[in-house]
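Subject: Structure handover

Hello,

Here is the structure I said I would pass on. My notes on it follow below.

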Amino acid sequence: MTKPKKKIRSHRIFWIGEVDEEHLAQIISQILEIKQEYPKATIDLWVLTEGGSLSVAKAFIDFVRVHEINLITTGFGTVDSAGTMIFGAGKVRRATQNCTLHFHELYVERCEESLTAKKSKLITDGLKRAQNDSVKLKMKLYQVSRKLIMKLIRSDRDWTAKQMLEMKMIHEII
């Protein structure tokens, strides 16, 4: 007599709002609760965000990798800025028909005019390194060329689900 196979469950979680520490803590808590009860569960993370902290996005990606989370991401509404990295963490990426994604260059929100030239150069150099790291991570997440990522970033505009599908950055439109 063979044992019946355990059904792998899929659980839907929503990341709605800014990519910040508060949302990260809530999402991680929900995922850990699900994984405790259903270790082989697939997490279906729906993402709607105008972006936020790059370091929080990286922390989420590391969490997914270290904990070997079977993650599907579904973009709906708008997925912008750091949210594109959260979205990119999915092994399978889907978007609703009206979803748009927006990639852009990194920037410093506020620069004091009184910065010395030396401090200004340090900020600029740090920003260039962070931009380069961000591009490399997006290339890895989406498994596309640097040229394509740079095209998306430099255009600084919204990309539709259909366009993302054509570029093979998402797997399906739902």
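I start near the end of the chain, with Lys168, which sits in the loop between helix H6 (161-166) and strand E7 (172-173). Please keep in mind throughout that this is a predicted model. Lys168 is not a glycine, yet its phi is positive, at about 65°. Its relative accessible area is 65%, so Lys168 is exposed.

Glu68 also has a positive phi without being a glycine, in this case near 50°. Glu68 belongs to the loop between H2 and strand E3 (70-80). With a relative accessible area of 66%, Glu68 is exposed. As background, most residues other than glycine have a negative phi.

Overall fold

The protein chain has six helices and seven strands. Taken in sequence order, these follow the pattern β-α-β-α-β-α-β-β-α-α-β-α-β. The protein chain has 174 residues, and 44% of them count as buried. If one takes the contacts between residues at least 6 apart in sequence, 66% of these join residues at least 24 apart.

Helix H1

H1 covers residues 21-37, which makes 17 residues. From first C-alpha to last, H1 reaches 25 Å, close to the 24 Å expected at 1.5 Å a residue. Which residues of H1 are buried? They are His23, Leu24, Ile27, Ile28, Ile31, Ile34 and Lys35. These buried residues are on the same side of H1, because they cover an arc of only 130° around the axis. The general reason such patterns arise is that an α-helix has 3.6 residues a turn, so residues three or four places apart point the same way. The other side of H1 carries the exposed residues Glu21, Glu22, Glu33, Gln36 and Glu37.

Salt bridges

There are three salt bridges in the structure. I take them in sequence order.

- Arg12 pairs with Asp44, and their closest N and O atoms are 3.9 Å apart. Arg12 is in strand E1 (residues 10-16) and Asp44 in strand E2 (residues 42-49), so this pair ties together parts 32 residues apart in sequence.
- Asp44 also forms a salt bridge with Arg94, at 3.0 Å from N to O. Since Asp44 is in strand E2 and Arg94 in strand E4 (residues 92-95), the pair ties together parts that are 50 residues apart in sequence.
- Asp62 forms a salt bridge with Arg65, at 3.8 Å from N to O. Asp62 and Arg65 are both in helix H2 (residues 54-66), three residues apart, which is about one turn of the helix.

Arg12, Asp44 and Arg94 are thus linked in a network of salt bridges. How buried or exposed are its members? Arg12 counts as exposed, at 52% relative accessibility. Asp44 is buried, with a relative accessible area of 6%. Arg94 counts as buried too, at 15% relative accessibility. As for the pair in H2, Asp62 is partly exposed, with a relative accessible area of 38%, and Arg65 counts as exposed at 55% relative accessibility.

Largest pocket

Arg65 appears again at the largest pocket, where Ile61, Arg65, Gly88, Ala89 and Leu141 lie nearest the centre among the 18 lining residues. The volume of the largest pocket is about 420 Å³. H2 and helix H4 (117-142) each supply at least two residues of its lining.

Other residues

Lys136 is also part of helix H4. Its relative accessible area is 49%, so Lys136 is partly exposed. Lys136 and Arg146 are 10 residues apart along the chain, and their C-alpha atoms are separated by 7.4 Å.

Thr100 is in strand E5 (residues 100-102). Is Thr100 buried or exposed? Thr100 counts as buried, because its relative accessibility is 16% and the cut-off for buried is under 20%. Apart from neighbours within four places in sequence, Thr100 is in contact with Gly77, Thr78, Val79, Asp158, Trp159 and Thr160.

Regards

Methods
Residues are numbered from 1 along each chain as its sequence is written. This is a predicted model: local features need pLDDT of at least 70, side-chain atom pairs count only at pLDDT 80 or more; totals for chains, interfaces and linings use all residues. Side-chain values use heavy atoms; hydrogens and water are left out. Helices (H or I, at least four residues) and strands (E, at least two) are DSSP runs, numbered from the N terminus. The expected span of a helix is 1.5 Å times one less than its number of residues. Buried means under 20% relative accessible area, exposed over 50%, partly exposed in between (1.4 Å probe, protein chains only). The arc is that of the directions from the helix axis to the C-beta atoms. Contact means heavy atoms within 4.5 Å. A salt bridge is a side-chain nitrogen of Lys or Arg within 4 Å of a carboxyl oxygen of Asp or Glu. On a 1 Å grid over the protein atoms alone, a cavity is a set of points where a 1.4 Å probe fits but cannot get out, and a pocket is an open set with protein on both sides within 12 Å along at least five of seven lines; lining residues have an atom within 4 Å of a point. Grid points are joined across faces, edges and corners, and a volume is the space filled by probe spheres set on the points.
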